[in-house]
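Okay, everyone, thanks for coming. I'd like to walk you through one structure today, so let's put it up on the screen.

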Amino acid sequence: MPGLAEIAKIAGVSVSTVSRVLNRRAGVNEKTRQRVLAALDDLPYSPRGLGALRRTGVLGLLLPELSNPVFPAFAEALETRAATAGYSSLLCNTRSAGLREEEYVRMVLARGVEGMIFVSPAITNAPPGEGPAAAYYTRLVADGVRMVFINGATPSLDVADIAVDEQLAGYLATSHLIALGHTRIGFVSGPSRALPSRLKRAGWAAALEENGHLAPPELVAHGPFEPAGGAAALAQLLDTAAPTAVICSSDQMAIGAMREAARRGLRVPAQLSVVGFDDIPFAAHCTPALTTVAQPISEMSAAAVDELVQRLDPDSRRRPAASHTRLFRPRLVVRESSGPIPRS
C-alpha cells in the first residue's frame with residue numbers, strides 16, 4: 001500500500017490531511033477530500049485496504065453458501081437491517097465458482113465497500129491449511145478494514161463476533177431428550193474442525209455427564225452439514241452404537257438422518273428421536289415436524305450490522321470498545337420428531 005507521504009504529494013495536501021480523509025475524520029472540506037481520493041485512484045491498488053476506507057454506503061456480506069436455508073435467512077435479515085441503517089449490501093457466496101474467501105474479500109474491497117460482515121468465516125470451519133490463517137484477518141484489521149463476524153469466534157483476532165451460544169444449544173437439546181428418558185443419545189456432528197460442532201458437542205457431553213450418563217466417543221459421528229452427511233453419520237451410529245435418540249448439528253443433517261431412519265424401517269420418534277439445529281422454514285413442515293434449537297437470526301443480524309455501523313463511525317474510537325464476543329441465547333422448539341424412549 002502506498003504511504004501517506006506519497007498520497008499527500010500527489011494530492012498536494014499535508015500528510016495529516018490524508019490521514020483525516022482515510023480515517024473519515026472531520027476538518028477536511030469536500031473539495032480537498034475528493035482530491036485525496038482522486039490521488040488514490042492514480043496509485044496501485046492494494047487488495048487489503050483503500051477501497052474499504054471511503055464513504056460509499058455499501059457493506060459486504062460474505063456467506064459460505066446459499067444452499068443451506070439458514071444462510072439466505074441471515075442474508076435477508078442482514079440486508080434489511082443494513083437498509084434501515086442507510087446502507088446497501090453486496091452479497092457474496094464464498095464457496096461458489098471455486099473462489100476462496102480471500103479472493104472474494106479482494107473483490108468486495110475493490111468495489112469500495114466500507115465494511116464487511118462474515119457469516120461463519122472460513123477460519124472457523126475450514127480444515128487446517130485450507131482456510132485463511134488468523135494473520136490474514138489481522139492484516140485486514142491493521143489496514144483499517146472494518147469487519148464483524150457472525151458465529152466465528154476467534155479469540156486471537158481483534159474482531160467483534162456476534163454468536164449464538166452453540167454450547168447451550170447442545171445442552172438444551174440433550175436435556176430435552178434426557179427428560180424424555182433417553183440415556184444413549186448420539187451426536188451427529190458436522191466436520192470435526194467446525195467450531196459450531198465442537199461447541200455443541202461440549203454442551204451434549206455436559207448435559208449427559210451432569211445427569212450421570214456417559215458421553216463416549218462411539219456415540220459421535222461426523223459428516224458434512226447437509227442431508228447426505230446426516231444420513232451417513234446416523235448410519236454409522238445405528239451400526240455401531242445403537243442410540244435411542246440423536247442430536248444433529250444442523251436441520252439439514254437432521255432431515256437426512258430422518259430419511260436414513262425411514263430407509264431402515266425405524267419410526268421417528270417411536271423408535272428414534274431426532275433433534276436438529278437452526279429452525280429452518282422446512283423444519284416445521286417435514287414429516288414428522290422437526291424438534292430443533294432455533295438461532296435468533298434477526299436479532300443476531302441486527303446486532304452485527306449495528307456493531308459494524310458503529311465501527312464505521314468516525315468517532316467510534318472515542319466510544320467504549322464492545323466486548324469481543326456477544327452471545328445470543330438459542331431457543332428449544334419442540335415438535336413431533338422427539339418423544340419418550342422406546343419401551344423395547
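Let me start with a definition: a disulfide here is a pair of cysteine sulfur atoms within 2.5 Å. With that in hand, how many disulfides does a search of the whole structure find? Zero. Keep in mind that this is a predicted model. While we're on cysteines, let me point out a couple. C92 counts as buried because its relative accessibility is 6%, and the cut-off for buried is under 20%. C286 comes out at 10%, so that one counts as buried too.

Now, the sheet. It's an open one with six strands, and the pairing is mixed. If you trace across, the order goes β7-β6-β8-β9-β10-β12. Which strands sit at the edges? Those are β7, residues 220-222, and β12, residues 331-333, and each of them pairs on one side only. From one strand to the next, the twist averages 20 degrees.

Let's zoom in on one pair. β9, residues 273-278, runs parallel to β10, residues 291-294, with four bridges between them. Here you can find F277 opposite V293 of β10. Packed on the sheet is helix α11, residues 251-263, which touches β6, β8, β9 and β10. The direction of α11 makes about 155 degrees with that of β9.

On to the core. As a general point, nonpolar side chains in soluble globular proteins tend to be buried together. In our model, the largest nonpolar core has 64 residues, and the members touching the most other members are I150, W204 and V274. Apart from that one there's another core, with 19 residues, including V58, V105, M147 and F149.

So what does V274 touch, if we leave out residues up to four places away in sequence? The list is V246, C248, A254, M258, V268, L290, T291, S337 and S338.

Last stop, helix α8, residues 166-179. From first C-alpha to last, its 14 residues reach 20 Å, close to the 20 Å expected at 1.5 Å a residue. Is α8 largely enclosed or largely open? Enclosed by the rest of the structure, because ten of its 14 residues are buried. Among those buried ones are E166, H176 and T174, along with L168, L172 and I178. Just after α8 comes G181, with a positive phi near 105 degrees.

That's my tour, so let's open it up for discussion.

Key. Residues are numbered from 1 along each chain as its sequence is written. This is a predicted model: local features need pLDDT of at least 70, side-chain atom pairs count only at pLDDT 80 or more; totals for chains, interfaces and linings use all residues. Side-chain values use heavy atoms; hydrogens and water are left out. A nonpolar core is a set of buried Ala, Val, Leu, Ile, Met, Phe, Trp, Tyr and Cys residues joined through side-chain atoms within 4.5 Å. Buried means under 20% relative accessible area, exposed over 50%, partly exposed in between (1.4 Å probe, protein chains only). Contact means heavy atoms within 4.5 Å. Two strands pair if DSSP finds at least two bridges between them. Helices (H or I, at least four residues) and strands (E, at least two) are DSSP runs, numbered from the N terminus. Axes are lines fitted to C-alpha atoms, for helices over the stretch in contact, and angles run from 0 to 180 degrees between N-to-C directions. The expected span of a helix is 1.5 Å times one less than its number of residues.
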